[in-house]
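The following exercises concern a single protein chain. Please work through each task before reading its solution.

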Amino acid sequence: MFASHISDTTAHDAADIHRSAYNAAFHELGLRWHWDAGHYESALPASQEKAHLLSYLRNHQAHLLKAYDAEFLADAITSAKCRCYETLLVSGSARPGVNWAEMQQPQVGH
C-alpha cells in the first residue's frame, strides 16, 4: 500500500511538472491561458497529448481556429512545451507545486 502511494504521488508530481511546462509554453507563445490541475488530465498518456491539446483548442479556444490551423497551433504549443520542459528540468525548477507563472514575475529589490 505504501509503494502504491509513492507511485501515485510520483505520477501526480510528473503531471504537475508537465502542466507547468504547458503554462510556460502558453506564456512564451503569448497565449493568455493557464492550466490548473482541473484543466490538465494527469492520466493522459504522453502519446495522446496532442489529441488532448486539439480537443482543448476546439472546445475552449475555438476563436483562434478562425485565424490559425488547429494542427499548426498544437504543433507550436507542443514544441514550445518540450523546450520549456527541458528548461524546467535543467534549471532545477521542475519541482511539484512550483507555479511557473509566479517564477516569471519580476523580483522587486533584487
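**Exercise 1.** Determine whether Glu 28 counts as buried, partly exposed or exposed, and identify the residue with which Glu 28 forms a salt bridge in this predicted model.

*Solution.* Step 1: the relative accessibility of Glu 28 is 41%. Step 2: buried requires under 20% and exposed requires over 50%. Glu 28 therefore counts as partly exposed. Step 3: the salt-bridge partner of Glu 28 is Arg 83, and their closest N and O atoms are 2.4 Å apart. Step 4: this pair links distant parts of the chain, since Glu 28 belongs to helix H1 and Arg 83 to helix H3, 55 residues apart. Step 5: Arg 83 has a relative accessible area of 43%, so Arg 83 is partly exposed.

**Exercise 2.** Describe the network of salt bridges that contains Lys 50.

*Solution.* Step 1: the side chain of Lys 50 meets that of Glu 71 in a salt bridge, at 2.8 Å from N to O. Glu 71 lies in helix H3 and Lys 50 in helix H2, so this pair ties together parts that are 21 residues apart in sequence. Step 2: a salt bridge also joins Lys 50 to Asp 75, at 2.7 Å from N to O. Here Asp 75 in helix H3 is linked with Lys 50 in helix H2, 25 residues apart. Step 3: Lys 50, Glu 71 and Asp 75 are thus linked in a network of salt bridges. Step 4: each member can be classified by its relative accessibility. Lys 50, at 30%, is partly exposed; Glu 71, at 36%, is partly exposed; and Asp 75, at 37%, is partly exposed. Step 5: the count of salt bridges comes to five.

**Exercise 3.** State how many residues helix H2 has, what length it reaches, and which of its residues are buried.

*Solution.* Step 1: helix H2 covers residues 49-60 and has 12 residues. Step 2: from its first C-alpha to its last, helix H2 reaches 16 Å, close to the 16 Å expected at 1.5 Å a residue. Step 3: the buried residues in H2 are Glu 49, His 52, Leu 53, Leu 54, Tyr 56 and Leu 57. Step 4: of these, Tyr 56 also belongs to an aromatic cluster, together with Tyr 22, Phe 26, Trp 33 and Trp 35.

**Exercise 4.** Classify the aromatic pair formed by Tyr 22 and Trp 35, and then the pair formed by Tyr 68 and Phe 72.

*Solution.* Step 1: the count of aromatic pairs comes to seven. Step 2: the ring centres of Tyr 22 and Trp 35 are 4.9 Å apart, with 45 degrees between the planes, and the pair is tilted. Step 3: this pair links distant parts of the chain, with Tyr 22 in helix H1 (residues 2-28) and Trp 35 in the loop between H1 and H2, 13 residues apart. Both Tyr 22 and Trp 35 are buried. Step 4: Tyr 68 and Phe 72 form a stacked pair, 6.3 Å centre to centre and with 15 degrees between the planes. Tyr 68 is partly exposed, because its relative accessible area is 42%. Step 5: a further ring, that of Tyr 85, has Lys 81 over its face, at 5.5 Å from the ring centre.

**Exercise 5.** Summarise the chain as a whole, and state where confidence is highest and where it is lowest.

*Solution.* Step 1: the secondary structure comes to four helices and zero strands, and along the sequence the pattern is α-α-α-α. Step 2: buried residues make up 33% of the 110 residues. Step 3: among contacts with a separation of 6 or more, 59% are between residues 24 or more positions apart. Step 4: the mean pLDDT of the chain is 77, and 68% of its residues reach 70 or more. Step 5: confidence is highest in helix H3 (residues 70-91), at a mean of 92, and lowest in helix H4 (residues 100-103), at 54. Step 6: over residues 1-8 the pLDDT is below 50, and this stretch has zero contacts beyond near neighbours in sequence. Residues 105-110 likewise have a pLDDT below 50 and zero contacts beyond near neighbours in sequence. Step 7: predicted coordinates should not be read in detail where pLDDT is low.

Technical notes:
Residues are numbered from 1 along each chain as its sequence is written. This is a predicted model: local features need pLDDT of at least 70, side-chain atom pairs count only at pLDDT 80 or more; totals for chains, interfaces and linings use all residues. Side-chain values use heavy atoms; hydrogens and water are left out. Helices (H or I, at least four residues) and strands (E, at least two) are DSSP runs, numbered from the N terminus. The expected span of a helix is 1.5 Å times one less than its number of residues. Buried means under 20% relative accessible area, exposed over 50%, partly exposed in between (1.4 Å probe, protein chains only). Rings of Phe, Tyr and Trp (its six-membered ring) pair if their centres lie within 6.5 Å; planes under 30 degrees apart count as stacked, over 60 as edge-to-face and the rest as tilted. A charge sits over a ring if NZ of Lys or CZ of Arg is within 6 Å of the ring centre and within 35 degrees of the ring normal. pLDDT is the predictor's confidence in each residue, from 0 to 100. Contact means heavy atoms within 4.5 Å. A salt bridge is a side-chain nitrogen of Lys or Arg within 4 Å of a carboxyl oxygen of Asp or Glu.
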